[in-house]
Amino acid sequence: MKDPKIIEETIAKALAPQGVELVDLVIQHQGRKAVLQFFVDKVGGVTLDDCGELTDKIDSLLEMENLMDGAYILEVSSPGVNRVLKKPEHFKRFVQERVKIVLKVPLEGRGAFTGVIASADDDAFVLDYGTNQFRFTYNNIKKANLDPVLEF
C-alpha cells in the first residue's frame, strides 16, 4: 500500500471535478486485508446511488494508479451528522454549528471542548463555550467533529 497521504491526495484530485469532496480517509486492517473507508460529500449531500458510483470510480483509480498492494475492502459513505472537521474550509463552512474538539495540548487543564463555532479563518477558529470564547489554532486540534443536538 502506498503512503495514505498519496492515496488521499490522488482520490481527492480525481473527485473534485465532479463536485465531490473527500472529507476523510480511514485505513484499518482486517486480517491481511486493508479496509479503506472513504467519507465523501457534495453540495446537497450524497445519496446511496452516489456512493455506489463513487465506489466504482475509486476502485478503478486505486487499481489504475497502483495505490494498493494485495486485497482490500473498499467502503464509500457520507460523513454523517457527526462529520469530521479537518481543514480550515470545514470550520468556515460550519460557523454557527455545534462541535466537539479534542486538543493535542490541553487548555486550562482541559483536553476537550464542546461549543459553537463563532468564527473561523485560515489559521484558527473561535469557539463559543457558554459565556466564554476560546480561540484554537488548527495545529492544536487532535480531533474535531460536528456535534448537533438532534431533536425527535
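**Helix α1, its sheet and the nonpolar cores**

The cover over the buried residues of α1 includes β1, β2 and α2. This comes from a predicted model, and α1 is a handy place to start reading it. The helix has 12 residues and spans 16 Å from its first C-alpha to its last, close to the 16 Å expected at 1.5 Å a residue. Its buried residues are Ile 7, Glu 8, Ile 11, Ala 14 and Leu 15. Looking down the axis of α1, these buried residues fall within an arc of 140°, so they line one face of the helix. As a rule, an α-helix has 3.6 residues a turn, so residues three or four places apart point the same way. Over on the other side of α1, Lys 5 and Lys 13 are exposed.

Next comes the sheet. It is an open one, built from 3 strands in the order β1-β2-β3, and the pairing is mixed. β1 (21-30) and β3 (72-77) are the edge strands, each pairing on one side only. On average, neighbouring strands are turned by 15° against each other, direction ignored. Helix α1 (residues 4-15) packs on this sheet, where it touches β1 and β2, and its direction makes about 140° with that of β1. Helix α2 (residues 48-64), for its part, lies across β2 and β3 and runs at about 140° to β3.

The mixed pairing can be followed strand by strand. β1 and β2 pair in the antiparallel sense, over 9 bridges. Along this pairing, Gln 28 stands opposite Val 35 in β2, and Gln 30 stands opposite Lys 33 in β2. The two strands form a hairpin with 2 residues between them, and in that turn Gly 31 has a positive phi of about 65°. Strand β2 (residues 33-41) and β3, by contrast, run parallel and are joined by 6 bridges. Here Ala 34 has Tyr 72 of β3 as its bridge partner, while Leu 36 has Leu 74 of β3. As for burial, 7 of the 9 residues of β2 are buried, so this strand is largely enclosed by the rest of the structure.

That leaves the nonpolar cores. In soluble globular proteins, nonpolar side chains tend to be buried together. In this model, the largest nonpolar core has 22 residues, and those with the most contacts inside it are Ile 7, Ile 11, Leu 36, Phe 38 and Leu 62. The elements giving two or more residues to this core are α1, β1, β2, α2 and β3. The largest share, 5 residues, comes from α2. Ile 7, one of the buried residues of α1, shows how such contacts reach along the chain. Setting aside neighbours within four places in sequence, Ile 7 is in contact with Met 1, Lys 2, Leu 25, Leu 36, Phe 38, Leu 62, Leu 67 and Met 68. A second, separate core has 16 residues, among them Phe 91, Phe 94, Leu 103 and Phe 136.

Conventions:
Residues are numbered from 1 along each chain as its sequence is written. This is a predicted model: local features need pLDDT of at least 70, side-chain atom pairs count only at pLDDT 80 or more; totals for chains, interfaces and linings use all residues. Side-chain values use heavy atoms; hydrogens and water are left out. Two strands pair if DSSP finds at least two bridges between them. Helices (H or I, at least four residues) and strands (E, at least two) are DSSP runs, numbered from the N terminus. Axes are lines fitted to C-alpha atoms, for helices over the stretch in contact, and angles run from 0 to 180 degrees between N-to-C directions. Contact means heavy atoms within 4.5 Å. A nonpolar core is a set of buried Ala, Val, Leu, Ile, Met, Phe, Trp, Tyr and Cys residues joined through side-chain atoms within 4.5 Å. Buried means under 20% relative accessible area, exposed over 50%, partly exposed in between (1.4 Å probe, protein chains only). The expected span of a helix is 1.5 Å times one less than its number of residues. The arc is that of the directions from the helix axis to the C-beta atoms.
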